[in-house]
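Let's take a walk through the charged side chains of this protein and see how they pair up. Have the model open as you read.

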Amino acid sequence: MSKKCLVVDDSKVIRKVARHILETMNFTVDEAVDGRDALAQCLHMPPDVILLDWNMPVMSGMEFLRALRESDLPVRPKVVFCTTENGLGHIRAAIEAGADEYVMKPFDRETLESKLQIVGMA
C-alpha cells in the first residue's frame with residue numbers, strides 16, 4: 001500500500017513539482033494551500049508524511065507545527081519542512097517545533113528522496 005504525503009504550500013507551482021516527484025516515488029499525494037487547510041486534513045485523515053512550506057498566509061508552517069503537536073492524533077505524521085532560508089537558527093526553531101527534517105527549495109527528486117529516507121518514509 002502506498003504511503004500518503006500531504007504537500008502544504010501556498011505556491012501552486014511548488015505543489016505541482018512536489019506532487020510529480022512524490023508520485024514517481026509511489027506516494028499518494030494530497031495538497032493543502034496553508035497551515036489551516038493542512039490541519040483540517042490531518043485531523044480528518046492523517047497522512048504518513050507532510051511536506052510543509054514555512055512562509056504561508058493564514059497559518060504559517062511554525063503555527064501549523066504547534067497546532068499539530070497540540071492535537072490528539074494517535075500517530076503524528078513525519079514532517080519535512082521546505083524553506084528558502086538556510087540560517088541555522090531558523091532550522092533549529094523548526095526542529096524544536098516538531099519538524100523531523102528540512103529540505104531547501106528548490107529541491108529535486110534525489111534531495112527529497114534522501115530526506116524521506118532519513119525520516120523512514122522512502
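**Salt bridges, from helix surface to interior**

At 25% relative accessibility, E113 counts as partly exposed, so it is a convenient place to begin. This is a predicted model, and in it the side chain of E113 meets that of R109 in a salt bridge, with 3.5 Å from N to O. The two residues sit 4 apart within helix α5, about one turn of the helix. R109 is partly exposed too, with a relative accessible area of 34%.

Stay with helix α5 for the next pair. K115 lies in this helix and E101 in strand β5, so their contact ties together parts that are 14 residues apart in sequence. Here the side chains of E101 and K115 form a salt bridge at 3.2 Å, N to O. How accessible are these partners? K115 has a relative accessibility of 16% and counts as buried; E101, with a relative accessible area of 15%, is buried as well.

Now follow the chain to the loop between β5 (101–104) and α5 (109–118), where K105 is found. Which residue does K105 meet? Its side chain joins that of D9 in a salt bridge of 2.9 Å, N to O. D9 belongs to the loop between β1 (4–8) and α1 (12–24), so this pair links distant parts of the chain, 96 residues apart. Both D9 and K105 are buried.

One more group deserves a look: R15, R19, E23 and E31 are linked in a network of salt bridges. Over the whole structure, a search finds 9 salt bridges.

Technical notes
Residues are numbered from 1 along each chain as its sequence is written. This is a predicted model: local features need pLDDT of at least 70, side-chain atom pairs count only at pLDDT 80 or more; totals for chains, interfaces and linings use all residues. Side-chain values use heavy atoms; hydrogens and water are left out. A salt bridge is a side-chain nitrogen of Lys or Arg within 4 Å of a carboxyl oxygen of Asp or Glu. Buried means under 20% relative accessible area, exposed over 50%, partly exposed in between (1.4 Å probe, protein chains only).
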